[in-house]
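Please open the model in your viewer and keep the sequence panel beside it. The tour below proposes a series of selections and says what is to be found at each stop.

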Amino acid sequence: MNDTTQDFVNWFRHSSPYIHAHRGKTFVVMLGGEAINDSYLASIVHDLALLNSLDVRLVLVHGARPQIDERTREAGLEIRLHHDQRVTDSESLRCVIEAVGRVRTEIEAQLSMGLANTPMHGARIRVCSGNFITARPLGVLDGVDMGHTGELRRVDHLAIKQQLDMDNIVLISNLGYSPTGEIFNMSVEEVATGVAVALKADKLILFGQQEGIYDSSGDLRSELLAETARRLVHHYSARVANDPEQPWSEMACLLQAAADACDKGIPRCHLVSHAQDGALLIELFTRDGTGTMISKESYEQVRAADIEDVGGILELIAPLEEKGVLVRRSRELLESEIERFSVVVRDGAIIGCAALYPFADEAIGELACVVISSEYRGGERGDLLLEHIEETAKAQGLRQLFVLTTRTAHWFLERGFRPAPLDALPGKKKELYNFQRNSKVFFKQL
């Protein structure tokens, strides 16, 4: 087996938990008009077809901003914006309808492909679109009549679910309809968010030009809390926030949509790039993804370990046992002591662990087996794990923690531990001290 084949086998095996996790789930995917114009559109559609074949229930919400702009200019009309919304008069509405219809037709055509030797071969995807969105006029904003620009009034979620139950992909545009037969031009982000919330979707996936959010060091943030995302909206829109005639940046719009969706109950929103081939699959079927995931609460959690975690802990600590950094533990010993352990869990995988052994008579606890996976060092996971252990120790009435270490003294020193003599150890621990390992002793007051 060559390296390329082995890489594929490894990737496929590691993706299997996500294949199982996503089956039967409802994903709302937003494609703005910029994504429709991208050269990777066909690849994105192929990836959506793959998700459909894996029993993911898909709602695809598309926009058409650049296409509407182009059609408006061709018609010799002025493009007017107010508070990041298009002012849609009767003449502009005709341009909107034409552009949206063309985009919808193009997407339907892509989803209907079935050529041999392509990812769509044999897919037989059925696409359903309709009047699922009820809208009302936005009205007059700060003295400006927004015309046929509308806002979301209602989503016919029951009709959408009926189509999803028949394994159809539901295609929704940024147009909404009123009970009086009027058509309203809406923000694609508002429609996508509203549909996701109405369906109680498991994910809202937002395609944009950028991969996601970068920190001050230029590193991509794989995860962002909704509260932080909302704060960043101002950062990305600050340059034009005081000019109602200028649009927000794309990233500001996406962050606003993700934060709103999370606040209204969507567990996870993903920012992915339509300019990166395969970004959707990498984001959904690998542990770290390739974009930025936004959630109400962190999808990494520190918790008490249970018997189901034994295998994951053994796999995590095995490399350090081989190097002699940790004392070797058998599965039987770990099973008997599992209530002493806490773990850091990321998407169901254990990426960190630590154990607390109390010596109640002296009100002292031993911090042991502190491990963070080599793939996830450099963040704050070790600190969160230590904080969890300290809170657990306090709850048990312990007043001090000690640790024996041969290789990581500086890490503990930086977190308030201080060197101590061997005599400071609790009596029972002193009797079991391994002089051959010659571990250094560090204490911390709680």
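Which residue in strand 21 is the bridge partner of glutamate 366? The model is a predicted one, and a selection of strand 20 (residues 364-372) together with strand 21 (residues 400-405) shows two strands that pair in the parallel sense over three bridges. The partner of glutamate 366 in strand 21 is phenylalanine 402.

**The seven-stranded sheet**

Keep strand 21 selected and add strand 23 (residues 440-445), which runs antiparallel to strand 21 and is joined to it by six bridges. Two places along this pairing can be labelled: leucine 401 is opposite lysine 444 of strand 23, and valine 403 is opposite phenylalanine 442 of that strand. In a regular strand, side chains point alternately to the two faces of the sheet.

Now widen the selection to the whole sheet, which is open, has seven strands in the order 17-18-19-20-21-23-22, and is mixed in its pairing. Strand 17 (300-304) and strand 22 (418-419) are found at the edges; each has a single partner strand, so one side of each is left without a neighbour in the sheet.

With the sheet still displayed, add helix 11 (residues 310-322), which packs on the sheet and touches strand 18 (341-346), strand 19 (349-359) and strand 20, with its direction at about 85° to that of strand 19. Then add helix 13 (residues 381-395), which also packs on this sheet, and whose direction makes about 30° with that of strand 19. The strands touched by helix 13 are strand 17, strand 18, strand 19, strand 20, strand 21 and strand 23.

**The eight-stranded sheet**

Move next to the open sheet in which eight strands follow the order 5-10-2-1-13-15-16-14, again with mixed pairing. Here the edges are taken by strand 5 (127-128) and strand 14 (223-225), and because each has a single partner strand, one side of each is left without a neighbour in the sheet.

Within this sheet, select strand 13 and strand 15 (residues 268-273), which pair in the parallel sense over six bridges. Leucine 206 can be labelled here, and the residue opposite it in strand 15 is leucine 271.

Two helices should then be added to the view. Helix 6 (residues 157-165) packs on the sheet and touches strand 1, strand 2, strand 5 and strand 10, and its direction is at about 125° to that of strand 2. Helix 3 lies across strand 1 (26-31), strand 2, strand 10 (169-172) and strand 13, and runs at about 155° to strand 2.

**Two loops with positive phi**

From helix 3 (41-53), follow the chain into the loop that leads to strand 2 (57-62), where aspartate 55 is located. The phi of aspartate 55 is near 65°, a positive value in a residue that is not glycine, and aspartate 55 is partly exposed, with a relative accessible area of 42%.

A second stop of this kind is lysine 200, in the loop between helix 7 (188-199) and strand 13 (203-208). Although lysine 200 is not a glycine, its phi is positive, at about 55°. Lysine 200 counts as exposed because its relative accessible area of 70% is over the 50% cut-off.

**Helices and their surroundings**

Select Phe8, Trp11 and Phe12 and display the surface: together they form a nonpolar patch with about 340 Å² of accessible area. Of these, phenylalanine 12 belongs to helix 1 (residues 3-22) and is partly exposed, at a relative accessible area of 45%.

In helix 5 (residues 90-111), select serine 92. Is serine 92 buried or exposed? With a relative accessible area of 5%, serine 92 is buried, and once neighbours within four places in sequence are left aside, it is in contact with Leu77 and Val87.

Glutamate 70, in helix 4 (residues 65-74), is partly exposed at 40% relative accessibility. A distance drawn from its C-alpha atom to that of alanine 99, 29 residues apart along the chain, gives 8.6 Å.

The last stop is serine 336 in helix 12 (residues 331-336), which is partly exposed, with a relative accessible area of 46%. Draw a C-alpha to C-alpha distance from serine 336 to proline 247: the two are 89 residues apart in sequence and 61 Å apart in space.

Technical notes:
Residues are numbered from 1 along each chain as its sequence is written. This is a predicted model: local features need pLDDT of at least 70, side-chain atom pairs count only at pLDDT 80 or more; totals for chains, interfaces and linings use all residues. Side-chain values use heavy atoms; hydrogens and water are left out. Helices (H or I, at least four residues) and strands (E, at least two) are DSSP runs, numbered from the N terminus. Buried means under 20% relative accessible area, exposed over 50%, partly exposed in between (1.4 Å probe, protein chains only). Patches are made of residues with over 30% relative accessible area and no salt bridge: like charges are joined within 9 Å, nonpolar side chains (Val, Leu, Ile, Met, Phe, Trp, Tyr) within 5 Å. Accessible areas come from the Shrake-Rupley method with a 1.4 Å probe; for residues, only the protein chains shown count as cover. A salt bridge is a side-chain nitrogen of Lys or Arg within 4 Å of a carboxyl oxygen of Asp or Glu. Two strands pair if DSSP finds at least two bridges between them. Contact means heavy atoms within 4.5 Å. Axes are lines fitted to C-alpha atoms, for helices over the stretch in contact, and angles run from 0 to 180 degrees between N-to-C directions.
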